[in-house]
Amino acid sequence: MLSWEIKFFSELSALRLYQVLKLRQDVFVLEQQCLYADTDNLDQQALHFLLMSEEDDDLVAYCRVLPAGTSYPEVAIGRVVVAPNARNKGFAKQLMQKAIHFIEDEMQAPAIKISAQSHLQHFYQSLGFIICSSPYDEDGIEHVEMTLINTQLS
(Lines give C-alpha, C1' and ligand atoms only; values in the text may rest on other atoms or scores of the structure.)
Protein backbone atom coordinates (compact mmCIF):
# COMPACT_ATOMS: atom_id res chain seq x y z
CA MET A 1 0.00 0.00 0.00
CA LEU A 2 1.21 3.50 -0.87
CA SER A 3 0.40 6.82 0.77
CA TRP A 4 1.03 10.48 -0.02
CA GLU A 5 2.70 12.98 2.24
CA ILE A 6 2.73 16.67 1.31
CA LYS A 7 4.82 18.68 3.73
CA PHE A 8 6.52 21.99 4.23
CA PHE A 9 10.22 21.75 5.06
CA SER A 10 9.58 22.46 8.76
CA GLU A 11 7.14 19.53 8.87
CA LEU A 12 9.63 16.96 7.56
CA SER A 13 10.91 14.65 10.27
CA ALA A 14 14.64 13.96 10.41
CA LEU A 15 13.94 10.50 8.95
CA ARG A 16 11.89 11.89 6.03
CA LEU A 17 14.47 14.56 5.25
CA TYR A 18 17.21 11.92 5.30
CA GLN A 19 15.15 9.70 2.94
CA VAL A 20 14.60 12.60 0.53
CA LEU A 21 18.25 13.67 0.48
CA LYS A 22 19.47 10.09 0.17
CA LEU A 23 17.19 9.30 -2.79
CA ARG A 24 18.16 12.52 -4.55
CA GLN A 25 21.86 11.82 -3.94
CA ASP A 26 21.58 8.16 -5.01
CA VAL A 27 19.89 9.06 -8.30
CA PHE A 28 21.12 12.50 -9.32
CA VAL A 29 24.70 12.43 -7.98
CA LEU A 30 25.65 8.74 -8.05
CA GLU A 31 23.48 7.11 -10.75
CA GLN A 32 23.48 10.09 -13.15
CA GLN A 33 27.03 11.06 -12.15
CA CYS A 34 26.24 14.76 -11.69
CA LEU A 35 28.51 16.57 -9.31
CA TYR A 36 26.35 19.45 -8.10
CA ALA A 37 25.08 21.05 -4.90
CA ASP A 38 21.77 19.28 -4.31
CA THR A 39 21.20 21.15 -1.05
CA ASP A 40 20.66 24.54 -2.68
CA ASN A 41 18.80 26.42 0.09
CA LEU A 42 15.52 26.10 -1.83
CA ASP A 43 14.17 23.10 0.10
CA GLN A 44 13.28 25.39 3.00
CA GLN A 45 10.86 27.30 0.75
CA ALA A 46 9.46 24.25 -1.05
CA LEU A 47 6.46 22.05 -0.57
CA HIS A 48 7.60 18.41 -0.61
CA PHE A 49 5.58 15.61 -2.23
CA LEU A 50 6.48 12.11 -1.02
CA LEU A 51 4.99 8.82 -2.15
CA MET A 52 5.68 6.36 0.66
CA SER A 53 5.44 2.59 0.88
CA GLU A 54 3.44 1.88 4.02
CA GLU A 55 4.83 -1.66 4.27
CA ASP A 56 8.47 -0.71 4.81
CA ASP A 57 8.22 3.10 5.18
CA ASP A 58 10.44 3.57 2.10
CA LEU A 59 10.36 6.64 -0.13
CA VAL A 60 9.09 5.53 -3.55
CA ALA A 61 8.87 8.85 -5.41
CA TYR A 62 9.51 12.51 -4.62
CA CYS A 63 9.37 16.03 -6.01
CA ARG A 64 9.42 19.53 -4.63
CA VAL A 65 7.23 22.48 -5.57
CA LEU A 66 8.83 25.91 -5.41
CA PRO A 67 6.68 29.03 -5.04
CA ALA A 68 6.53 31.55 -7.88
CA GLY A 69 9.53 33.85 -7.78
CA THR A 70 11.84 31.31 -6.15
CA SER A 71 13.62 29.81 -9.15
CA TYR A 72 11.30 31.04 -11.94
CA PRO A 73 8.59 33.71 -12.10
CA GLU A 74 6.16 30.75 -12.21
CA VAL A 75 5.58 28.02 -9.64
CA ALA A 76 8.12 25.28 -10.37
CA ILE A 77 8.30 21.53 -9.93
CA GLY A 78 11.77 20.10 -9.47
CA ARG A 79 13.89 17.25 -8.15
CA VAL A 80 11.43 14.74 -9.65
CA VAL A 81 12.74 11.31 -8.76
CA VAL A 82 11.54 7.70 -8.48
CA ALA A 83 13.46 5.09 -6.50
CA PRO A 84 15.31 2.69 -8.84
CA ASN A 85 13.42 -0.34 -7.50
CA ALA A 86 10.06 1.40 -8.14
CA ARG A 87 10.55 2.51 -11.75
CA ASN A 88 8.33 1.61 -14.71
CA LYS A 89 5.25 1.28 -12.51
CA GLY A 90 3.64 4.64 -13.31
CA PHE A 91 4.78 6.38 -10.12
CA ALA A 92 6.40 9.31 -11.95
CA LYS A 93 3.12 10.05 -13.70
CA GLN A 94 1.16 9.76 -10.44
CA LEU A 95 3.67 12.04 -8.71
CA MET A 96 3.51 14.70 -11.40
CA GLN A 97 -0.29 14.56 -11.61
CA LYS A 98 -0.53 14.96 -7.83
CA ALA A 99 1.79 17.99 -7.88
CA ILE A 100 0.09 19.55 -10.93
CA HIS A 101 -3.40 19.18 -9.45
CA PHE A 102 -2.25 20.65 -6.15
CA ILE A 103 -0.62 23.63 -7.86
CA GLU A 104 -3.64 24.27 -10.08
CA ASP A 105 -6.37 23.66 -7.48
CA GLU A 106 -4.82 24.79 -4.19
CA MET A 107 -2.27 27.37 -5.29
CA GLN A 108 -4.35 28.67 -8.23
CA ALA A 109 -1.13 29.18 -10.19
CA PRO A 110 -1.58 30.33 -13.81
CA ALA A 111 1.43 28.30 -15.02
CA ILE A 112 4.00 25.72 -13.91
CA LYS A 113 7.64 25.70 -15.05
CA ILE A 114 10.09 22.80 -15.05
CA SER A 115 13.65 22.21 -16.15
CA ALA A 116 13.38 18.78 -17.75
CA GLN A 117 16.09 16.41 -18.83
CA SER A 118 15.72 16.39 -22.62
CA HIS A 119 15.31 12.63 -22.84
CA LEU A 120 12.18 12.98 -20.64
CA GLN A 121 10.51 15.75 -22.65
CA HIS A 122 7.98 13.33 -24.22
CA PHE A 123 6.92 12.18 -20.76
CA TYR A 124 6.35 15.78 -19.65
CA GLN A 125 4.61 16.62 -22.94
CA SER A 126 2.17 13.77 -22.21
CA LEU A 127 1.22 15.71 -19.07
CA GLY A 128 0.59 18.91 -21.05
CA PHE A 129 3.94 20.68 -20.73
CA ILE A 130 5.32 22.50 -23.76
CA ILE A 131 8.97 23.23 -24.51
CA CYS A 132 9.81 26.91 -24.08
CA SER A 133 13.60 27.01 -24.44
CA SER A 134 16.43 25.68 -26.54
CA PRO A 135 18.32 22.73 -25.06
CA TYR A 136 20.98 23.68 -22.52
CA ASP A 137 23.53 21.88 -20.37
CA GLU A 138 22.79 21.58 -16.68
CA ASP A 139 25.37 19.64 -14.69
CA GLY A 140 26.44 17.65 -17.75
CA ILE A 141 22.91 16.61 -18.81
CA GLU A 142 20.94 18.27 -21.61
CA HIS A 143 17.77 19.97 -20.34
CA VAL A 144 14.91 22.07 -21.74
CA GLU A 145 12.58 24.44 -19.92
CA MET A 146 8.94 23.47 -20.18
CA THR A 147 5.73 25.22 -19.14
CA LEU A 148 2.22 24.01 -18.34
CA ILE A 149 -0.57 26.58 -18.56
CA ASN A 150 -3.42 26.24 -16.04
CA THR A 151 -6.44 26.13 -18.35
CA GLN A 152 -8.79 26.26 -15.34
CA LEU A 153 -7.91 29.94 -14.93
CA SER A 154 -8.54 30.85 -18.60
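## Working through a predicted model

Lys113 is found in strand E5, which covers residues 111–117. That strand belongs to a predicted model, so keep in mind that everything below is computed from a prediction. Grab a pencil and try each exercise before reading on.

### Exercise 1: Lys113

Work out whether Lys113 is buried or exposed, and list which residues Lys113 is in contact with.

**Solution.**
- Step 1: Look up the accessibility. Lys113 has a relative accessibility of 9%.
- Step 2: Compare with the cut-off. Buried means under 20%, so Lys113 counts as buried.
- Step 3: Collect the contacts, skipping neighbours within four places in sequence. That leaves Tyr72, Glu74, Val75, Ala76, Ile77, Cys132, Glu145, Met146 and Thr147.

### Exercise 2: Glu145

Glu145 turned up among the contacts of Lys113. Find the strand where Glu145 sits, its contacts, and its C-alpha separation from Asp26.

**Solution.**
- Step 1: Place the residue. Glu145 is in strand E8, residues 141–149.
- Step 2: List what Glu145 touches, not counting residues up to four places away in sequence. You should get Tyr72, Lys113, Ile114, Ile130, Ile131, Cys132, Ser133 and Tyr136.
- Step 3: Check the distance. Glu145 and Asp26 are 119 residues apart along the chain, and their C-alpha atoms are separated by 24 Å.

### Exercise 3: the whole chain

Say how many helices and strands the chain has, in what pattern they come, and how the radius of gyration relates to the globule rule.

**Solution.**
- Step 1: Count the elements. There are three helices and eight strands.
- Step 2: Read them off along the sequence. The pattern is β-α-β-β-β-α-β-α-β-β-β.
- Step 3: Bring in the radius of gyration. The chain's value is 15 Å, close to the 15 Å that the globule rule gives for 154 residues, so the chain is as compact as a globular protein of that length.
- Step 4: Add the overall dimensions. The C-alpha trace spans about 40 × 35 × 30 Å along its principal axes.
- Step 5: Finish with burial and long-range contacts. Buried residues make up 43% of the 154 residues. Take the contacts between residues at least 6 apart in sequence: 60% of them join residues at least 24 apart.

### Exercise 4: the surface and the charges

State how much accessible surface the chain has, and how far apart the mean positions of its positive and negative charges are.

**Solution.**
- Step 1: Start with the area. The accessible surface comes to about 8200 Å², and 53% of that belongs to carbon and sulfur atoms.
- Step 2: Turn to the charges. The chain has 11 positive and 21 negative ones, and the mean positions of the two sets are 2 Å apart.

### Exercise 5: helix H2

Check whether the end-to-end span of H2 agrees or disagrees with the expected one, then name the buried residues of H2.

**Solution.**
- Step 1: Get the expected span. H2 has 15 residues (91–105), and at 1.5 Å a residue they should span 21 Å.
- Step 2: Compare with the model. The end C-alpha atoms of H2 are 21 Å apart, which agrees.
- Step 3: Pick out the buried residues. They are Phe91, Leu95, Met96, Ala99, Ile100, Ile103 and Glu104.
- Step 4: Take a look at Phe91. With a relative accessible area of 12%, Phe91 is buried. Leaving aside neighbours within four places in sequence, Phe91 is in contact with Leu2, Leu51, Val60, Ala61, Val82 and Ala86.

### Exercise 6: loops on either side of H2

Describe where Arg87, Asn88 and Gln108 lie and how accessible each of them is.

**Solution.**
- Step 1: Take Arg87. It lies in the loop between E4 and H2 and is partly exposed, with a relative accessible area of 30%. Beyond four places in sequence, Arg87 touches Val27, Glu31 and Val82.
- Step 2: Move to Asn88. This residue is in the loop between strand E4 (75–82) and H2. At 86% relative accessible area, Asn88 is exposed. Asn88 also has a positive phi of about 65°, although it is not a glycine.
- Step 3: End with Gln108, in the loop between H2 and E5. Gln108 is partly exposed at 44%. Its phi is near 55°, a positive value in a residue other than glycine.

Key. Residues numbered from 1 in each chain as written. Predicted model: local features only at pLDDT ≥ 70, side-chain atom pairs only at ≥ 80, totals over all residues. Heavy atoms only, no water. Helix = DSSP H or I, 4+ residues; strand = E, 2+ residues; numbered from the N terminus. Rg over C-alpha atoms; globule rule 2.2 N^0.38 Å. Buried < 20%, exposed > 50% of the residue type's maximum accessible area, 1.4 Å probe, protein only. Contact = heavy atoms within 4.5 Å. Areas by Shrake-Rupley, 256 points an atom, 1.4 Å probe, with all protein chains shown as cover. Lys, Arg positive; Asp, Glu negative; His and termini not counted. Charge placed at Lys NZ, Arg CZ, Asp CG, Glu CD. Expected span 1.5 Å × (residues − 1).
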